[in-house]
Structures are given as C-alpha cells and as structure tokens.
Amino acid sequence: MLSCWCRLWVRYLAIIHAQRLPVLHNLCGHTVQIQQCVQDSCRMVSHDLWCNTYYTAGSTETLLGEKQALLEFAEALRARLKFFDEFELAANQFAAAAAAPDNAELMPLLNRLDDCIAYVAANPQYADAVAYATKFRQLHSRALGLVRGRVQTVLRQAAQIVQAAVAEA
C-alpha cells in the first residue's frame, strides 16, 4: 500500500510540475529579456558616459587654454597700467624725499617719473592719460624744485665755508 501512495505522490508532483513548467519557462524567458534590456541600457549609458567624458575633457583643455591666455593678457594689461598706478606710489615717495632731501631714493624717483611721463605721452589712447601726464609733470616739477633747493643749500654752505676760510686767512 505504501508503494501505491508513493506512486500517487510522484504522479501528483509530476502533474504539478507539468503545470508549473510552462509558467517557469515563460518566467525564465522574461528574465532573459529583462537581462538583455539591462545589458543594452548599460551599454548605452557606458557609451554616453564615454562621450560626455571625452567632450568634457576636450572642453576642459580648451577652457584651461583660454584661462591661461586671459591670465597672460591680464598680466600684460596690469603691467601697462602700472604706470598709471605709479602716481600714488611716486607721490608718497616724493613726500618722504621732501622730508629728507638727502634721501638716496630721490634720483631713482626722478628716473621713474621720467619713465612714467614718457609712457603716458606715448600712450594717449588710455583714459585719463592727459590728466595723469599733468599730474606726473607737476610731481616731477616739485621734485626738481626740491633738488634745486638742495643744490642751493649745499652751494650756500660751501660759500660760507669758503668765506670763513678766506676770512681766517
């Protein structure tokens, strides 16, 4: 009797599995289709990512080149406009030199003022070039007046020393 039950059980399982087999087969087919769609999507995403990376790298190189060119242009422009900024520095240096006429920085200051006046005269296209030229010339005149005053003081002192030496002799 046991064998009869076993046979019935095996037959029951065979019937159940036979009924489930098409469902499982369909499920496997759908799973394979989903897996193929996922692979295709991954390929497309990978391709898009590669294209974007390649484009971004090219754009980055271009932008870095443009940035470098702009930095060089800004530095060249800054160097040219430095002559105009020199007025404030020269005015401050002149004030220090006027306080101590024997200051050794007076001659380099006069040379720098000459350079600035020449640069502004050679580049009248800059805004306010005329005004800066006037300011530089005024500062240059004041500096030359300071030198003239110092020379006169030295000559007076020398004349007094010579007169004292003549009077003693």
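**Exercise 1. Is His140 buried or exposed, going by its relative accessibility?**

Solution. This is a predicted model, so treat each value as computed from that prediction.

Step 1. Find the residue: His140 is part of helix H3.

Step 2. Check its accessibility. His140 has 15% relative accessibility, and buried means under 20%. His140 therefore counts as buried.

Step 3. Look at its surroundings. Setting aside neighbours within four places in sequence, His140 is in contact with Leu110, Leu113, Asp114 and Ile117.

Step 4. Pick out the polar partner. The side chains of His140 and Asp114 are joined by a polar contact of 2.7 Å.

**Exercise 2. Describe the overall build of the chain.**

Solution. Let's start with the helices and strands.

Step 1. Count the elements: the chain has three helices and zero strands. Along the sequence this reads as α-α-α.

Step 2. Place the helices. Helix H1 covers 2–99, helix H2 covers 106–122 and helix H3 covers 129–168.

Step 3. Ask how much is buried. Of the 169 residues in the chain, 15% are buried.

Step 4. Turn to the surface. About 13400 Å² is exposed by the chain, and 65% of that comes from carbon and sulfur atoms.

Step 5. Consider the contacts with a separation of 6 or more. Residues 24 or more positions apart make up 71% of them.

**Exercise 3. Find the largest nonpolar core and say which helices build it.**

Solution. Here we go from the whole core down to a single residue.

Step 1. Note the membership: the largest nonpolar core has 17 residues, and those touching the most other members are Ala90, Phe94, Leu109, Leu113, Val120, Phe136 and Leu139.

Step 2. Assign the core to helices. H1, H2 and H3 each supply at least two of its residues, and H2 gives the most, with eight residues.

Step 3. Zoom in on Leu113. Not counting residues up to four places away in sequence, Leu113 touches Ala90, Phe136, Leu139 and His140. The last of these is the buried residue from the opening exercise.

**Exercise 4. Locate every salt bridge and describe the partners.**

Solution. This one is a short search.

Step 1. Count: one salt bridge turns up in the whole structure.

Step 2. Name the pair. Arg43 bridges to Asp40, with 2.8 Å between the closest N and O atoms.

Step 3. Place the pair. Both Arg43 and Asp40 belong to helix H1 and sit three residues apart, about one turn of the helix.

Step 4. Compare each accessibility with the cut-offs: exposed is over 50%, and partly exposed lies between that and 20%. Arg43 is at 53%, so it counts as exposed. Asp40 is at 41%, so it counts as partly exposed.

**Exercise 5. Work out how many disulfides there are, and how covered Cys42 and Cys116 are.**

Solution. Begin with what the term means.

Step 1. A disulfide is a covalent bond between the sulfur atoms of two cysteines.

Step 2. The sulfur atoms must lie within 2.5 Å, and by this rule there are zero disulfides.

Step 3. Now the two residues. Cys42 has a relative accessible area of 48%, so it is partly exposed. Cys116 has 1%, so it is buried.

**Exercise 6. Describe Ala91 and its separation from Ala143.**

Solution. Two steps will do.

Step 1. Ala91 is in helix H1, and its relative accessible area of 21% makes it partly exposed.

Step 2. Ala91 and Ala143 are 52 residues apart along the chain, while their C-alpha atoms are 9.8 Å apart.

Note on methods: Residues are numbered from 1 along each chain as its sequence is written. This is a predicted model: local features need pLDDT of at least 70, side-chain atom pairs count only at pLDDT 80 or more; totals for chains, interfaces and linings use all residues. Side-chain values use heavy atoms; hydrogens and water are left out. A nonpolar core is a set of buried Ala, Val, Leu, Ile, Met, Phe, Trp, Tyr and Cys residues joined through side-chain atoms within 4.5 Å. Buried means under 20% relative accessible area, exposed over 50%, partly exposed in between (1.4 Å probe, protein chains only). Helices (H or I, at least four residues) and strands (E, at least two) are DSSP runs, numbered from the N terminus. Contact means heavy atoms within 4.5 Å. Accessible areas come from the Shrake-Rupley method with a 1.4 Å probe; for residues, only the protein chains shown count as cover. A salt bridge is a side-chain nitrogen of Lys or Arg within 4 Å of a carboxyl oxygen of Asp or Glu. A polar contact is a pair of N or O atoms within 3.5 Å; within protein, one must be able to donate a hydrogen and the other to accept it, and residues adjacent in sequence count only if both atoms are side-chain atoms.
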